[in-house]
Structures are given as C-alpha cells and as structure tokens.
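Reader: I'm new to this, so could you take a close look at one part for me? I'd like to hear about the strand pairing, with a bit of context around it.

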Amino acid sequence: MSNYIPVCKDCGTMNLGADALVVWDTEQNSWDIDNVFDSSQCYNEECDSYEEEVDIDWVLPEDVKPTSQDALDAKVERF
C-alpha cells in the first residue's frame with residue numbers, strides 16, 4: 001500500500017488526522033512513530049463527518065479528488 005494515500009470515505013478529502021504514539025530515539029535525536037491507532041478523523045469542514053471518526057479508503061494519488069478545503073490546506077506550509 002505504499003503508493004496509496006488515505007482519503008475520507010464520506011467526502012474523499014486527504015485532510016485526515018490520526019492518533020499516534022511516538023517515542024524519542026536517543027541515537028537519532030528525533031521522534032519515531034511507535035504506533036498509529038486505527039481510527040481517523042476528517043478535518044474537511046465541508047464534510048458531514050467533520051472532526052468525527054471516519055472510515056478511510058486507500059487510493060492512488062492520481063485518483064484523489066481534492067476538496068476546496070484540501071486546496072486551502074495545500075497553501076499552508078506544514079511543520
């Protein structure tokens with residue numbers, strides 16, 4: 001599934017969140033993801049399931065249908 005991206009089953013957005021557990025790697029001096037939990041939240045304000053737990057679909061990048069929220073988020077640099 002490495003070439004696939006998760007999208008919300010309800011609205012198709014890539015604007016998702018997931019809870020994860022990270023641990024500090026003292027050798028690399030950085031955070032490492034230890035576990036990602038199964039539930040995802042949709043952060044597309046136009047979605048009926050906004051900020052709720054949603055099911056996801058795994059799609060190829062060329063099959064993503066960006067929502068207007070995704071277009072806005074693409075303009076914001078993420079850290």
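Author: Let's start wide: of the contacts in the protein chain with a separation of 6 or more, 52% join residues 24 or more positions apart, a contact being heavy atoms within 4.5 Å. Keep in mind that this is a predicted model, where local features need pLDDT of at least 70, side-chain atom pairs count only at pLDDT 80 or more, and totals for chains, interfaces and linings use all residues. Residues are numbered from 1 along each chain as its sequence is written, and side-chain values use heavy atoms, with hydrogens and water left out.

Along the chain from the N terminus, you meet β-β-β-β-β-α. These are DSSP runs numbered from the N terminus: helices (H or I) have at least four residues, strands (E) at least two.

Now the pairing. There's an open, antiparallel sheet of three strands, in the order β2-β3-β4; strands pair if DSSP finds at least two bridges between them. β2 (16-25) and β4 (53-54) each have a single partner strand, so they're the edges, with one side left without a neighbour in the sheet. Strand β3 (residues 30-42) is joined to β4 by two bridges, and glutamine 41 has glutamate 53 of β4 as its bridge partner.

One more thing to spot: the structure has one aromatic pair. Tryptophan 24 and tryptophan 31 have ring centres 5.1 Å apart and planes at 80°, so they're edge-to-face (Phe, Tyr and Trp rings, the six-membered one for Trp, pair with centres within 6.5 Å; planes under 30 degrees apart are stacked, over 60 edge-to-face, the rest tilted). Tryptophan 24 is partly exposed at 42% relative accessibility, while tryptophan 31 is exposed at 56% (buried is under 20%, exposed over 50%, partly exposed in between, with a 1.4 Å probe and protein chains only).
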